[in-house]
Amino acid sequence: MPVMVQALVPVFALIVMGHLFRRCNFPGDGFWLQAERFTYYVLFPAMLVYKLGQARLPASAYGDILLLIVAMLLVMTLLLALLQGFWRWPGPVFSSVFQGGIRFNSYVGLAAAGMLLGDEGLSLIAIAVAIKVPLLNLLCILMFSLTAAQGPLQWRPVLKAIVTNPLIVGSVIGVTWSFFQIGFHPLVAGILAPLSDLALPMGLMTVGAGLQLKALRGASMPFLVASVAKLVAFPLITAGLALLLGLEGMLVQVAVLLAALPTATSSYILARQLGGDAPLMAGIISGQTLLAMMSIPLVLGVLW
């Protein structure tokens with residue numbers, strides 16, 4: 001546990017630093033929004049191509065990751081549906097609870113995997129991100145259409161956004177690079193390596209800069225349910241599924257870490273665009289990010 005805490009402290013310290021810098025308006029108006037765009041479209045794709053391109057994973061790892069992720073999403077969707085059957089929240093509220101209970105912050109996950117598990121763990125979680133992100137987006141949009149949509153959903157722009165997602169594109173290129181064992185010319189590596197090194201700290205600080213602590217005022221039962229489901233129930237379910245499927249080793253560690261992460265900051269945009277409860281979503285994102293500073297070391301200490 002002390003080693004785990006020591007590895008995770010820098011991750012959350014960078015999140016706090018980003019929030020404090022934003023509160024102090026440093027380095028100036030508009031910086032953090034542009035920094036987030038630069039990180040999302042340039043730094044993280046470069047890191048995924050570079051790290052995955054150097055990975056040498058067995059072919060069986062891809063099938064195991066896919067099987068476990070599909071099982072995780074199916075079981076968690078069933079659990080959240082059962083909770084809705086008990087609480088009977090309005091559609092917009094449940095859509096935010098659903099996103100809060102099942103989505104994950106890829107920035108925090110990639111940084112934590114790199115700190116705790118090294119390049120192999122980073123490669124495994126990057127592959128998991130490439131598989132899980134499109135499945136989650138489709139699942140969440142389907143849930144919106146069933147519970148909170150104010151009109152017919154436009155699927156074409158949604159599918160285009162998934163296909164062109166920079167994290168997915170970077171992961172696919174990196175996996176292809178690794179599969180064919182192409183390698184990187186020193187000039188290419190000389191460009192990608194520093195971009196890769198910059199991605200995680202900048203990504204974590206933009207997460208902190210995006211926190212909306214005012215949204216936590218009057219935290220409600222939906223916030224509490226979503227947070228317990230995401231930060232406690234989901235990693236426990238994942239560990240049980242891995243045991244049931246006979247999986248072990250670093251793959252299970254990566255899957256449990258993925259399940260224990262706070263929900264994605266992009267959930268707010270989806271809630272606002274598709275008729276969800278956006279203020280509740282902002283509170284869930286901010287609250288889970290803060291709670292994860294305590295829950296992730298505890299959960300991983302028990303389940304790893």
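A salt bridge is counted where a side-chain nitrogen of Lys or Arg lies within 4 Å of a carboxyl oxygen of Asp or Glu. In the structure examined here, which is a predicted model, one salt bridge is present. Its partners are the side chains of K51 and D119, with a distance of 3.5 Å from N to O. K51 belongs to helix α2 (residues 31-54) and D119 to helix α5 (residues 106-147), so the pair ties together parts that are 68 residues apart in sequence. D119 has a relative accessible area of 49% and is therefore partly exposed, since the exposed class begins over 50%.

K51 is also among the residues touched by S196, together with M47 and Y50, when residues up to four places away in sequence are not counted. S196 is part of helix α8 (residues 186-209). Its relative accessibility is 4%, so S196 counts as buried.

Aromatic side chains form eleven pairs in the structure. A pair of aromatic rings is described by the distance of the centres and the angle of the planes. In the pair formed by F31 and W32, the centres are 5.0 Å apart and the planes stand at 85°, an edge-to-face arrangement. The two residues fall into separate classes of accessibility: F31, at 32%, is partly exposed, whereas W32, at 7%, is buried. The pair of F44 and Y107 is stacked, with 4.4 Å from centre to centre and 15° between the planes. F44 lies in helix α2 and Y107 in helix α5, so this pair ties together parts that are 63 residues apart in sequence. Both of its members are buried, because the relative accessibility is 0% for F44 and 9% for Y107. Ring pairs also link F31 and W32 with F21 and F26 into a cluster.

In soluble globular proteins, nonpolar side chains tend to be buried together. The largest nonpolar core of this model has 94 residues, and the members that touch the most others in it are I102, L110 and I296. Helix α5 gives the most to this core, namely 22 residues. For I296, the contacts are L8, F12, L257, A260, L261 and P262, leaving aside residues up to four places away in sequence. Another core lies apart from the largest one; it has seven residues, among them A46, Y50, F184 and A193. Y50 of this second core is also one of the residues in contact with S196.

Nonpolar residues are found at the surface as well. F86, W87, M221, L224, V228, V232 and L236 make a nonpolar surface patch of about 660 Å². Two elements each give two or more residues to the patch, α3 (59-87) and α9 (221-244). The largest share comes from α9, with five residues. One of the patch residues, V232, is placed in helix α9. V232 has a relative accessible area of 41% and is thus partly exposed. This value meets the condition for patch residues, because they need over 30% relative accessible area.

Conventions. Residues are numbered from 1 along each chain as its sequence is written. This is a predicted model: local features need pLDDT of at least 70, side-chain atom pairs count only at pLDDT 80 or more; totals for chains, interfaces and linings use all residues. Side-chain values use heavy atoms; hydrogens and water are left out. Patches are made of residues with over 30% relative accessible area and no salt bridge: like charges are joined within 9 Å, nonpolar side chains (Val, Leu, Ile, Met, Phe, Trp, Tyr) within 5 Å. Accessible areas come from the Shrake-Rupley method with a 1.4 Å probe; for residues, only the protein chains shown count as cover. Helices (H or I, at least four residues) and strands (E, at least two) are DSSP runs, numbered from the N terminus. Buried means under 20% relative accessible area, exposed over 50%, partly exposed in between (1.4 Å probe, protein chains only). Rings of Phe, Tyr and Trp (its six-membered ring) pair if their centres lie within 6.5 Å; planes under 30 degrees apart count as stacked, over 60 as edge-to-face and the rest as tilted. A nonpolar core is a set of buried Ala, Val, Leu, Ile, Met, Phe, Trp, Tyr and Cys residues joined through side-chain atoms within 4.5 Å. Contact means heavy atoms within 4.5 Å.
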